[in-house]
Amino acid sequence: MVYKTKNEYETEALGAELASSFSPGTVIAMRGGMGAGKTAFVRGLARGLGETSRVTSPTYTIVNEYDTTPPLFHFDLYRLEGADELFEIGFDDYLSRGGICAVEWSENADGGVSFTHIISIERSGEDENSRIITVSEV
Ligand SMILES: Nc1ncnc2c1ncn2[C@@H]1O[C@H](COP(=O)(O)OP(=O)(O)OP(=O)(O)O)[C@@H](O)[C@H]1O
Ligand SMILES: [Mg+2]
């Protein structure tokens, strides 16, 4: 499915709207360069699953966990230096917990993560704030 958003709030709203379509065990690769809107989308996902607290980027912490139903695990692997480090952060344990994993910068894990979905966010070129968001199953 392909969607278009005109600003950050629409991207967040799309994440919230699609949240109920992901079942426990879903692992989403969030693709798109810096500032594409990956975190904005995941913030929406969290809200759609019922999270009411602030959702921030886990760049320094690598993973943020939300006690939603199902739980949401938001990874940002920007600082990861390879698939080996997935083991160190206990990635397998998160996978086995029946939640939804949304993973930013999975490119840094060298193919170490197997995904069920890819969500890619690209600038549309129309204007600074337009994005094309493509959701696909793997
Ligand atoms: N349509 C849009 N959707 C999402 N964000 C948008 C949009 N238009 C403009 N923005 C802006 O782009 C930025 C997106 O930031 P965000 O942290 O979500 O990106 P990111 O893809 O997670 O980047 P990073 O790779 O650094 O983690 C914000 O500053 C936001 O205001
Ligand atoms: Mg981000």
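**A walk from the sheet to the ligand**

Start with the sheet: seven strands make up an open sheet with mixed pairing, in the order S1-S7-S6-S2-S5-S4-S3. Keep in mind as you look around that this is a predicted model. The two edge strands are S1 (2-5) and S3, each of which pairs on one side only. Between neighbouring strands the average turn is 20°, with direction ignored.

Now zoom in on one pairing. S6 and S7 (residues 131-137) run antiparallel and are joined by seven bridges. If you want a landmark there, pick Ile121, which stands opposite Ile133 in S7.

Next, bring helix H2 into view. H2 packs on the sheet and touches S2, S3, S4, S5 and S6, and its direction makes about 165° with that of S5. How many of the residues of H2 are buried? The count is 10 of its 11 residues, so to speak a mostly covered helix. The buried set runs Lys38, Thr39, Ala40, Phe41, Val42, Arg43, Gly44, Leu45, Ala46 and Gly48. These buried residues pack against H1 as well as S2, S3 (63-66), S4, S5 and S6. Just after H2 comes Gly50, with a positive phi near 110°.

That brings us to the packing inside. The largest nonpolar core has 31 residues, and the members that touch the most others are Ala102 and Val103. Two or more residues each come from helix H1 (8-18), strand S2 (27-31), helix H2 (38-48), strand S4 (72-76), strand S5 (100-104) and strand S6 (117-123). H2 gives the largest share of this core, five residues.

Ala102 is a good place to sit and look outwards. Leaving aside residues up to four places away in sequence, Ala102 touches Ile28, Met30, Val42, Leu45, Leu72 and His74. Two of those names, Val42 and Leu45, are also on the list of buried H2 residues.

Finally, turn to ligand 1. Which residues come nearest to it, out of the 17 around ligand 1? They are Thr11, Gly37, Lys38, Thr39 and Asn129. Lys38 and Thr39 also turn up among the buried residues of H2. H2 is not alone in reaching the ligand: H1 and H2 each supply at least two residues of the shell. As for the chemistry of that shell, its residues divide into nine polar, five charged and three nonpolar. H2 is therefore a handy thread to follow, since the helix that gives the largest share of the core also supplies residues to the shell around ligand 1.

How values were computed. Residues numbered from 1 in each chain as written. Chains lettered and ligands numbered in written order. Predicted model: local features only at pLDDT ≥ 70, side-chain atom pairs only at ≥ 80, totals over all residues. Core = buried A, V, L, I, M, F, W, Y, C linked by C-beta atoms within 7 Å. Buried ≥ 20, exposed ≤ 12 C-beta atoms within 10 Å, placed from the backbone. Helix = DSSP H or I, 4+ residues; strand = E, 2+ residues; numbered from the N terminus. Contact = placed C-beta atoms within 7 Å. Near = placed C-beta within 6 Å. Nonpolar A, V, L, I, M, F, W, Y, C, P; charged D, E, K, R; others polar. Pairing = 2+ DSSP bridges. Axes fitted to C-alpha atoms, helices over the stretch in contact; angles between N-to-C directions.
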